[in-house]
Amino acid sequence: MNNRKMRAFMSTLLLATALSAGAVAATGITAPAHAAATARPWMDTSLSADARADLLLREMTVEEKKILVFGYFGSPMKDKNYVPPAGIRMGSAGYVPGIDRLGIPAQWQTDAGVGVATQRDSTDPMRERTSLPAGIATVASWNPALARQGGAMIGKEARLSGFNVMLAGGINLVREPRNGRNFEYGTEDPLLAGIMVGAQISGIQSNNIVSTIKHYALNAQETGRFVLSANIDEAGVRMSDLLAFEIAMERSNPGSVMCAYNRYNGDYACESDFLLNKVLKGDWAYPYYVMSDWGAVHSTVKAANAGLDQESGFVFDKEPYFGPELLGKALADGSVGIARLDDMNRRILRALFAHGVMDNPVTVEDHKIDYAAHAKVTQADAEEGIVLLKNQGGLLPLAVGAKKIAVIGGYADKGVMAGGGSSTVFGPGGNPVPGLGPKNFPGPIVFHANPPLAAIKARAGGEVAFDAGTDPAVAAKLAADSDIAIVFVNQWTGEAMDFALSLPDNQDALVAAVAKANKRTIVVVQSGGPVLMPWLKDVGAVLEAWYPGTAGGEAIARVLFGEVDASGRLPVTFPASLDQLPRPKLDGEGLPDGTKFDVAYPEGAAVGYKWFDKNGHKPLFPFGYGLSYTNFAYQDLKAEVGADGTLTLSGSVTNKGARAGKAVPQLYVGPAGGGWEAPKRLAGWQKLELAPGASGRFSVPVDARLLASFDVARKEWVVKPGRYKVWLGASATDLPVSTEVVLKGGSFSAVKGK
Ligand code: BGC
């Protein structure tokens, strides 16, 4: 990292500190703050987060210092005879007790990226909260402002539900399309990931709570997640997964980083000196704390000395490694120094001060949640994340007054699907389709009670008939008797499992039968990532709706009827077949539980479209792809190098159709003579709303790291001098405009401040 970037990073940190201090000052508490400051000098909001953390740390006894580094699971667990301590928020992910004597609040932790989740073992009723669409859907909007707004909304629900730490900010790159958690992450591209997830984290933290970016790092598949070692060379990971974290963190300053379950090059991620001490806290100068994933700690001494600051979710680990006894023993025999314990506490306190947690205590005030307003936020997000994949002959948008519409399958009469696992939010009205999927975690399958059928009926103007789709022949008969058939197909995915790319439960046969009966068949897919579509050529239109959140039914209907443009673009490549992937066979499948194994990542930084490009594979749908109800032309591409060496790409896009629409012009760059991990990388994009006939200009400065390769020995980003090609267009494989630019080349340090 060069000095300029370092300064930008530091000013972000300073700004965050200043803002949290300002936020309190703005509430007009000068007198009480002063009074508090006398008794508790660390509550003086005019001091920096650093100074405040130091003042408080000085007051803490060693016993108190052990309290902040050890967290409990927030729900009872019958099979482990675990009863959480008093003070938890029942059904939550976690709890770290506070210290009343010093005014340190408890850390109440809630999952996750789509909203306030409730753990299934809860003995209390589920919290019913607003759910955003899946992370992958938000990323598919390519609209950082929406991601931020969504983050601000769920962060507000977290705060009003009594949580001050939100375990949100899933940013693992989609290296494995079968990964059951892709729906929580979002993309295969580090720039898109960094900008979109960074925006969400900023939104969450705007509520004076901490957001936790996760899972650091390379938790790319769920099969064998507790034991596998993700093996990838340093340059490859610095230019891909780590770059995604780095970009998101520079933009959002998250108060915590969650280390992952898996191992990285042999070491557990929560015991990885390389990941935690060297890269995160060293090179990136990360000032806050590392919390473990729930059950990701395997030692006291190795983990503490590698840089883990807080063990989460006791009772998931085999032992309470950071509990008072084991940590006390390590401190007593000197294998963990007291300075390390101080550092852990300082980092936690610094985050609590810098992010306003200390100055703005949370309380449970859930009656204040404005669900109607929040439904609009999640709906807007879902609408922009839905991707129109096929639209033959302008079948969509649907005309109001179509004579008879058949709606088939997917429980479209009941609701929309949610992804499974710790992140599942129970929406208003609870789960309208109980009893499906695995009985235990990550099941059961949860739906949100916002049925597309009702939303379609409200708009159709003509007859709308529903068939559950359980018998393809019956569904085909209804389709044959209708003007239009809309088939809903679902692929549920969830944490702790990976999934085949084929739709389950004979749904491919259902679509094939309906399409045969009616050419005007539209398929709405709800899935957590790419799926195969053997029926693609036989259907008229396809919408990828992901898991669209608690207003998902409305959002789907609005896109179907063209009340809004279809403006989502794929954040992941949809492969045509498994043999196109770097690992056609999923590693670890069929191994007895607990057997350690390695996953090699020969693609290095060539993730997703880069791999497809490099190998000349033709995907089912490329990265960046998505149709609109209008069409766009791209022009005026320019690549200019400014006096400070920054490459800026600019161009314009024109709406050539008769409807207003949203364009997502994408810019890619690559060395003319090759030499990178792949022919090109995404360098930037913009989302623009354009009236018919209107043009819009855009201009994007390119992050220098996207023009560089990582030199491990020199710990530098190196830009090779020479000619570079720049492309502009609608997806990774539709780039009608290109130009060239000559770069002088150079290098800059990967260490912040150097
Ligand atoms: C997941 C985390 C989650 C934690 C707490 C783990 O199983 O991997 O993402 O935040 O549980 O529920």
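Which residue stands opposite Lys390 in E19? Hold that thought for a minute, and let me set the scene.

What we have here is a predicted model, so local features need pLDDT of at least 70 and side-chain atom pairs count only at pLDDT 80 or more, while totals for chains, interfaces and linings use all residues. Residues are numbered from 1 along each chain as its sequence is written, and side-chain values use heavy atoms, with hydrogens and water left out.

Okay, back to the opening. The residue opposite Lys390 is Val542 in E19. A word on the labels: helices (H or I, at least four residues) and strands (E, at least two) are DSSP runs, numbered from the N terminus. Two strands pair if DSSP finds at least two bridges between them. E12 and strand E19, residues 541-544, manage four bridges, and they pair in the antiparallel sense.

They belong to an open sheet of six strands, in the order E12-E19-E18-E17-E13-E16, with mixed pairing. At its edges sit strand E12 (387-391) and strand E16 (463-467), each pairing on one side only. From one strand to the next, the twist averages 15°. Then there's helix H15, residues 452-460, which packs on this sheet and touches strand E13 (404-408), E16 and strand E17 (484-490). Contact here means heavy atoms within 4.5 Å. The direction of H15 makes about 165° with that of E16; for angles like that, axes are lines fitted to C-alpha atoms, for helices over the stretch in contact, and angles run from 0 to 180 degrees between N-to-C directions.

Now the other open sheet. Eight strands here, in the order E10-E7-E5-E4-E3-E2-E1-E11, and again the pairing is mixed. Strands E10 (289-292) and E11 (311-314) stand at the edges with a single partner strand each, so one side of each is left without a neighbour in the sheet. Further in, strand E3 (residues 107-110) and strand E4 (residues 165-166) run parallel and share two bridges, with Gln109 opposite Val165 in E4.

Two helices to point out on this one. Helix H10 (residues 273-283) packs on the sheet against strand E5 (210-216), strand E7 (256-259) and E10, and its direction makes about 130° with that of E5. Helix H13 (residues 338-354) also packs on the sheet, touching E3, E5 and E10, with its direction at about 105° to that of E10.

On to the ligand. How many residues surround it? There are 14, and the closest are Asp111, Arg181, His215, Asp293 and Glu495; a residue makes that list if one of its heavy atoms lies within 4 Å. By type, the shell divides into five nonpolar, three polar and six charged residues. For that split, Ala, Val, Leu, Ile, Met, Phe, Trp, Tyr, Cys and Pro count as nonpolar, Asp, Glu, Lys and Arg as charged, and the others, Gly among them, as polar.

Some distances, then. A side-chain N or O atom of Asp111 is 2.5 Å from a ligand oxygen. For Arg181, a polar side-chain atom lies 2.7 Å from an oxygen of the ligand, and for Lys214 the value is 2.9 Å, again from a side-chain N or O atom to a ligand oxygen. Taken alone, the ligand exposes 310 Å², and the protein buries 95% of that; accessible areas come from the Shrake-Rupley method with a 1.4 Å probe.

While we're at Lys214, look at the backbone: the peptide bond from there to His215 is cis, with omega near -10°, and His215 is found in strand E5. There's another cis bond from Gly443 to Pro444, omega also near -10°. Pro444 is in the loop between strand E14 (416-417) and strand E15 (447-448).

Last stop, the hairpin. E21 and E22 form it with five residues between them, and Gly645 in the turn has a positive phi of about 90°.

Technical notes:
Polar contact = N/O pair within 3.5 Å; in protein donor to acceptor, adjacent residues only side chain to side chain.
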